[in-house]
Amino acid sequence: MTEPDTTIPASAVPGATAPAEPVPPVTDPPVAVPPVSPAPVGPMPDVPAGPAPTPVGERLGEEIEAELSAQAAEPVAQAAAAPAGAGEWRGIVLVTGTDTDVGKTIVTAAVAAAAQAAGLRVAVIKPGQTGIAEGGPTDIDLIRRLAAPHTARTLASYPDPLAPLAAARVANLPPLELYEVVDAIRTEAADHDLVLVEGAGGLLVPMGVRPSGDPWTFADLATTLGVSTIVVSRAGLGTLNHTALTLEALTRRGIPAGVVLGAWPAEPELVHWANLSELVPHLVGALPDGAGAMEPGVFRRSAPGWLTPALYGVLDDWRVWADEVR
């Protein structure tokens, strides 16, 4: 519909004369928009019904519903930020987390299982495994059991449950050298369709040393390799800040990233649904709590349902996903 002309005639202003031609409005130059993380295609989930909310809870519920509705009304814009096709994350992909114990190993296993089900040859590398003195299976042991990738290896192991560089120094063992790790990863990439590299702790944990002796982090590895990164996040309270900080650190380095929830609870509460509504634009997957305890055959059959097509899964509608997990 044509907007009515609300321009005030020059004749209506005392002492003013009408210009010969209209003066075009002055506009600011376009502002470059930083890259955003990929997002799955599909409508957004509804917040599940529950007990009658308090006035404050009711207002929060209305805000969440409004946010989800706004996201659902703009699928084209979100799809433009998402990976273009199924399984676009090929080659080398790093897996980091917002913290320790957020589910990086289980997410790595799930992506490996889904990719192999799609016919890819998959390698998984753990640059630095710490805490081996405590016994029990290592991260690579768990990945082998759950996903059975074509190749799975640890580059260095340290006894104490510390950051890899600190663990190396405490044990008086050689630390991980950045370019040796890069060479090992690229060697596996030459023989595999997908190489998943699982970090330790969060993005900025000191992993080892450069040839100069300066420490390097998982963020430095991502920058050196120039590859996409999966960020594994918690679903509960505190995750929004931790996830935003990690994504911002990756964006500043020009590293594309997507988020996977490492453990969605069997009985989610309001905080989980509220966090989901904020994280959906970045999500490329969500695993159920306890997935790592599944029988391997069940895990491998289930993994594609936890991941979007970008990560070789079939999860393409978050509203359907939300209905199924209620």
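**Helices and sheets of the model**

In this predicted model, helix α11, which spans residues 318–325, lies across strands β9 (257–264) and β10, and its direction runs at about 10° to that of β10. The sheet to which these two strands belong is an open one, built from seven strands in the order β3-β2-β5-β1-β8-β9-β10, with parallel pairing. Because β3 and β10 (283–288) stand at the edges and each has a single partner strand, one side of each is left without a neighbour in the sheet. From one strand to the next, the twist averages 20°.

At the β3 end of that order, the pairing can be followed residue by residue. Strand β2 (residues 122–130) and strand β3 (residues 151–158) are joined in the parallel sense over seven bridges, and within this pair K126 has T154 of β3 as its bridge partner. Between the two strands the chain passes through α4, and the resulting β-α-β crossover is right-handed. Strand β2 is also joined to strand β5 (residues 194–202), again in parallel, by four bridges, and here V122 stands opposite L194 of β5.

The helix of that crossover, α4 (residues 139–147), packs with helix α3 (residues 104–117) at an angle of about 35°, their axes being 9 Å apart, and the crossing of α3 and α4 is right-handed. On the α3 side the contact is made by T105, I106, T108, A109, A112, A113 and Q116, while α4 contributes D139, L142, I143, L146 and A147. Sorted by character, the residues of this contact divide into eight nonpolar, three polar and one charged.

A further sheet, also open, consists of three strands in the order β4-β6-β7, and its pairing is mixed. Its edges are formed by β4 (176–177) and β7 (215–217), each with a single partner strand, so one side of each is left without a neighbour in the sheet. Strand β6 (residues 206–209) and β7 pair in the antiparallel sense over three bridges, with W216 in β7 as the bridge partner of G208. Helix α7 packs on this sheet, where it touches β6 and β7, and its direction makes about 75° with that of β7.

Helix α7 (residues 218–225) has a helical partner as well, since it packs with helix α6 (residues 178–189) at an angle of about 55°, with the axes 11 Å apart, which means that α6 is oblique to α7. The crossing in which α6 passes α7 is right-handed. In this contact L178, Y179, V181, V182, I185 and R186 of α6 meet L221, T224 and L225 of α7, a set that divides into seven nonpolar residues, one polar and one charged.

The remaining helix pair to consider is that of α8 (residues 239–252) and α9 (residues 270–279), whose axes come within 10 Å and cross at roughly 20°. Because angles under 35 degrees count as roughly parallel, α8 is roughly parallel to α9. Helix α8 passes α9 in a right-handed crossing, and T239, L240 and T243 of α8 meet N275, E278 and L279 of α9. The residues of this contact divide into two nonpolar, three polar and one charged.

Methods: Residues numbered from 1 in each chain as written. Predicted model: local features only at pLDDT ≥ 70, side-chain atom pairs only at ≥ 80, totals over all residues. Heavy atoms only, no water. Axes fitted to C-alpha atoms, helices over the stretch in contact; angles between N-to-C directions. Left-handed = near helix turned anticlockwise from the far one by under 90°. Contact = heavy atoms within 4.5 Å. Nonpolar A, V, L, I, M, F, W, Y, C, P; charged D, E, K, R; others polar. Pairing = 2+ DSSP bridges. Right-handed = clockwise from strand over helix to strand, strands pointing away. Parallel < 35°, antiparallel > 145°, perpendicular 65-115°, else oblique.
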